[in-house]
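Reader: Hello! I am new to this structure and would love a close look at one small part of it. Could you set the scene with the whole chain and then walk me through a single spot?

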Amino acid sequence: MAIVAPHIRFREARERLGLSENELEAQVGAGVWDIESCEGDLTSCYSPSDVHKFCQVLGIRAVELFTDEIPESVVSADELVQRIHEECRLRGVTLEQFEDAVGWRLSACIEPPARLLEDMTVDGLQWLCRELHIDWHRVLLSYDPKV
């Protein structure tokens with residue numbers, strides 16, 4: 001089975017709706033050409049919250065941009081922050097030390113927990129979930145498990 005890159009899935013969803021790049025850009029307020037043309041742009045420049053907003057307009061779930069295998073269980077932002085604190089406790093490290101492992105300044109964006117998914121990029125979420133041993137797709141699914 002071939003893996004389809006997220007930027008290609010994004011373009012295909014836009015085309016299924018019959019929208020031009022400019023029309024979609026007017027609705028989402030983001031550089032659609034960059035998202036569709038630059039393979040890593042979607043994950044390196046946009047937050048999970050942004051991706052969710054794009055996908056609402058595209059009529060798909062955010063997780064569908066990244067996988068065909070939709071996870072059944074969801075990890076909410078609240079649970080993610082709880083797991084961060086638990087992981088720090090288990091490792092015997094401070095939040096700042098854990099931030100070094102993740103590669104993202106978490107302390108600036110975990111209160112309230114929903115802010116975490118607004119302030120960090122999708123790449124940042126992937127790094128965080130790797131450290132927490134969580135499938136990051138489960139977090140994306142928390143936005144729209146039943147769409």
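Author: Happy to! In this predicted model, the secondary structure of the protein chain consists of ten helices and zero strands. Read from the N terminus, the elements go α-α-α-α-α-α-α-α-α-α. The radius of gyration is 16 Å, close to the 15 Å that the globule rule gives for 147 residues, so the protein chain is as compact as a globular protein of that length. Along its principal axes, the C-alpha trace spans about 50 × 30 × 25 Å.

A few more values fill in the background. Of the 147 residues in the protein chain, 47% are buried. Among contacts with a separation of 6 or more, 62% come from residues 24 or more positions apart. The accessible surface of the protein chain is about 7700 Å², and carbon and sulfur atoms account for 48% of that surface. The protein chain has 14 positive and 28 negative charges, and the mean positions of these two sets are 4 Å apart.

Now for the close look, which starts at arginine 14. You will find arginine 14 in helix H1, which covers residues 6-17. Is arginine 14 buried or exposed? Its relative accessibility is 7%, and buried means under 20%, so arginine 14 counts as buried.

Which residues does arginine 14 touch, leaving out those up to four places away in sequence? They are Leu19, Ser20, Glu21, Leu24, Val32, Glu36 and Leu58. With Leu19 there is also a polar detail to look for: a polar atom of the arginine 14 side chain lies 2.7 Å from the backbone oxygen of leucine 19.

That takes us to the partner, leucine 19. Leucine 19 sits in the loop between H1 and helix H2, and H2 covers 21-28. With a relative accessible area of 17%, under the 20% cut-off, leucine 19 is buried because it falls below that limit. Again leaving out residues up to four places away in sequence, leucine 19 touches Arg14, Leu24 and Gln27. Leu24 therefore turns up twice, since arginine 14 touches Leu24 and leucine 19 touches Leu24, where contact means heavy atoms within 4.5 Å.

To finish, try looking from leucine 19 across to histidine 85. These two are 66 residues apart in sequence, and their C-alpha atoms are 43 Å apart in space.

How values were computed:
Residues numbered from 1 in each chain as written. Predicted model: local features only at pLDDT ≥ 70, side-chain atom pairs only at ≥ 80, totals over all residues. Heavy atoms only, no water. Helix = DSSP H or I, 4+ residues; strand = E, 2+ residues; numbered from the N terminus. Buried < 20%, exposed > 50% of the residue type's maximum accessible area, 1.4 Å probe, protein only. Polar contact = N/O pair within 3.5 Å; in protein donor to acceptor, adjacent residues only side chain to side chain. Rg over C-alpha atoms; globule rule 2.2 N^0.38 Å. Areas by Shrake-Rupley, 256 points an atom, 1.4 Å probe, with all protein chains shown as cover. Lys, Arg positive; Asp, Glu negative; His and termini not counted. Charge placed at Lys NZ, Arg CZ, Asp CG, Glu CD.
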